[in-house]
Amino acid sequence: MKILAIETSCDETAVSVIEANQNSGAHFAGTEITVLGDALLSQVELHARYGGVYPNLARREHTKNLVPLLREALSEAQLLRPTKETEITKEQIASIKVQLEREPELFVFLTALLAEIATPDIDAIAVTEGPGLEPALWVGINFAKALSLAWNKPLIPVNHMEGHVVSSLLESGKGDTKCIPDVQFPAIALLISGGHTELIQMDGWHHYRLIGATRDDAVGEAFDKVARMMELGYPGGPVVSKLAQRAREQERPEKFTLPRPMMNSNDLDFSFSGLKTSVLYTLHDNEPLSEIDKEIMCRAFEDAVTDILIKKTKRAIEEYHARTIILGGGVSANTHIREAFSRLVEQERKEVTLYLPEPKHTTDNAVMIGAAGYLKHCKGDAESPHADIRAQGNLKLAS
Ligand code: KG4
Ligand code: ZN
């Protein structure tokens, strides 16, 4: 089946078309996901000027970008068929207008496109319902609902964090085809992004249980704040990681020692705010900071974060007899953290399998929403075109 997927939870606008084929019955092992079209526009540079993501700015950008991205994704998937006579009725236009009442600009762009193309050969529309920034989520949801009304296709609401889990499980196959492996349960997913730091235990597909979480800042947030303290720009993760790598390559002296809060606590929770404060005090004590000092600090910070993540995941593997680790979310782009996890599973003597997302799919994208949507559809979770999907900023994957 073909799924059109839409992602607008934060500062990336993404539209994809995937084709999914389930080869075997249970567990999805061997399911093939082919990316037919993948269009994405990142607003990172725009938000960088303000040092963070501004929800209303994100919303405005999504409104502007969705229709061009839809056109691009459909065209890449060879599903954009021009028509001389519109297939959309006046009644449909009227309901789309109501649906896009709060996005009048989007209504104008969308109806112009709908007037000139035939209904594409897709079977369902998947859209992120949360978690994320609600004004941003709403644009994607209203857009998906409008398309579902226009083309009479079912909607599949998708949890963004489930998208990150599935993203890590898409193994590269031939060309643009990805394959879902035979995941061995119990599995532990460590989701690390700008808004989340969660350890989740999975007994099987769609069975999520929260076993650990941050008590304050998320890992990505800590990277971003530490970068801001050293005036390194936004987002902080990639630049902190680059400077840390330079400190290692240049064998800079390790002159700053940072704590590893909660690393040895008797649970699976995390805390990064104390680490961040230690960075702040150490920076103050060492002013003025040279460029080399910044590299050394980035390394000390990245090492501390990595130690904490590894220690807690190791503990989770032991406690839950996990056979699989799934690392996902924006911070899983971090090379040092990826390497540390690879070493961790080597130490487990191949009894544990590690799944990492392709670097390209660590950041938010719509392929992961389409793939997660497909798995949800197989469970029987699709909604009618009139479904009342709502943006849920704090939607949980597990409790
Ligand atoms: O998953 P994501 O794209 O968006 C959210 O759902 O939050 O994650 C974004 C976060 C940002 O905090 C960014 O600084 C961090 O991921 N990040 C990184 C790296 N690349 C992105 N953190 C550490 N190292 C990286 N290479
Ligand atoms: Zn994300």
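Reader: In this predicted model, how many Å separate a backbone N or O atom of G330 from an oxygen atom of ligand 1?

Author: The model is a predicted one, and G330 is among the residues that come nearest to ligand 1, together with G194, D224, G237 and N334. Its contact involves the backbone, since a backbone N or O atom of G330 is paired with an oxygen atom of ligand 1, and the distance is 2.9 Å.

Reader: Taken alone, ligand 1 exposes 560 Å²; what percentage of that does the protein bury?

Author: The space that ligand 1 takes up is the largest pocket, and 19 residues lie around the ligand. Of the 560 Å² that ligand 1 exposes when taken alone, the share buried by the protein is 87%.

Reader: Which residue has a backbone N or O atom 3.2 Å from an oxygen atom of ligand 1?

Author: Besides G330, two glycines offer a backbone N or O atom to an oxygen atom of ligand 1, and for G195 the distance is 3.5 Å. The distance of 3.2 Å belongs to a backbone atom of G220.

Reader: Which domains each give at least three residues to the shell around ligand 1, and which helices each supply at least two?

Author: The shell comprises five nonpolar, 12 polar and two charged residues. At least three of its residues come from each of domain 1 (2-170 + 362-379) and domain 2 (183-356). As for helices, those that each supply at least two residues are α6 (160-168), α7 (219-229) and α8 (236-249).

Reader: Which peptide bond is cis with omega near -5°?

Author: Most peptide bonds are trans. One cis bond runs from G130 to P131, with omega near -10°, and P131 is placed in the loop between β4 (124-130) and α5 (134-151). The other value belongs to a bond whose proline, P288, is found in the loop between α9 (273-285) and α10 (291-320), and that cis bond runs from E287 to P288.

Reader: What is the value of phi for N152, and is it positive or negative?

Author: Most residues other than glycine have a negative phi. N152 lies in the loop between α5 and β5 (155-159), and its phi is positive, near 55°.

Terms used. Residues numbered from 1 in each chain as written. Chains lettered and ligands numbered in written order. Predicted model: local features only at pLDDT ≥ 70, side-chain atom pairs only at ≥ 80, totals over all residues. Heavy atoms only, no water. Near = heavy atom within 4 Å. Polar contact = N/O pair within 3.5 Å; in protein donor to acceptor, adjacent residues only side chain to side chain. Areas by Shrake-Rupley, 256 points an atom, 1.4 Å probe, with all protein chains shown as cover. 1 Å grid on protein atoms, 1.4 Å probe; cavity = no way out; pocket = protein on both sides within 12 Å on 5 of 7 lines; lining within 4 Å. Sits in = over half its atoms within 2 Å of the grid points. Helix = DSSP H or I, 4+ residues; strand = E, 2+ residues; numbered from the N terminus. Nonpolar A, V, L, I, M, F, W, Y, C, P; charged D, E, K, R; others polar. Domains from an automatic or database assignment.
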